[in-house]
Amino acid sequence: MKAKTATVSSALIAACLLVSGVALAGKNPATYTCAELIEVDVDYVPQVIYWLDGYNWAGDPMLVEDVEWVPVETDTILIECKKDPSQKAADVVKKHSKSKK
């Protein structure tokens, strides 16, 4: 099950990197800050947020291949990030994710 979870998470992250066109190569979602998210072109914010949501799910033993990904409210996340740009973006995404259990 762990291998399946890692494969799904890796695939999701890779897809977001390819689709977004944002230079996320070399970025670590664990240390990616709200300040960095705020600087992303607004057209690519949803892809970056899904990348962070995928990071939050990585390693979750409940994640299976057929998990239904639910849209994340990008505006809400950006508003909260602007209040405190130093916070970790993945934490804000996790707080507002509708994909959580």
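**Exercise 1.** Which helices do the buried residues of α5 pack against?

*Solution.*
Step 1. Note the source: this is a predicted model.
Step 2. Find α5, which spans residues 89-96.
Step 3. Pick out its buried residues: Ala89, Ala90, Val92 and Val93.
Step 4. Look at where they sit around the helix. They cover an arc of only 160° around the axis, which puts them on the same side of α5.
Step 5. Recall the helix geometry. An α-helix has 3.6 residues a turn, so residues three or four places apart point the same way.
Step 6. Read off the partners. The buried residues of α5 pack against α2 (34-39), α3 (45-57) and α4 (74-83).

**Exercise 2.** Place Trp51: which helix holds this residue, and is Trp51 buried or exposed?

*Solution.*
Step 1. Trp51 lies in helix α3.
Step 2. Its relative accessible area is 2%.
Step 3. Apply the cut-off: buried means under 20%. Trp51 is therefore buried.
Step 4. Now compare positions with Ala90 of α5. Trp51 and Ala90 are 39 residues apart in sequence, with 9.0 Å from C-alpha to C-alpha.

**Exercise 3.** Describe the chain as a whole.

*Solution.*
Step 1. Count the elements: 5 helices and 0 strands.
Step 2. Write their order along the sequence: α-α-α-α-α.
Step 3. Check burial. Of the 101 residues, 35% count as buried.
Step 4. Check contact range. Take contacts between residues at least 6 apart in sequence; 70% of these join residues at least 24 apart.
Step 5. Turn to the surface. The chain exposes about 5900 Å², and carbon and sulfur atoms supply 57% of that area.

Notes
Residues are numbered from 1 along each chain as its sequence is written. This is a predicted model: local features need pLDDT of at least 70, side-chain atom pairs count only at pLDDT 80 or more; totals for chains, interfaces and linings use all residues. Side-chain values use heavy atoms; hydrogens and water are left out. Buried means under 20% relative accessible area, exposed over 50%, partly exposed in between (1.4 Å probe, protein chains only). Helices (H or I, at least four residues) and strands (E, at least two) are DSSP runs, numbered from the N terminus. The arc is that of the directions from the helix axis to the C-beta atoms. Contact means heavy atoms within 4.5 Å. Accessible areas come from the Shrake-Rupley method with a 1.4 Å probe; for residues, only the protein chains shown count as cover.
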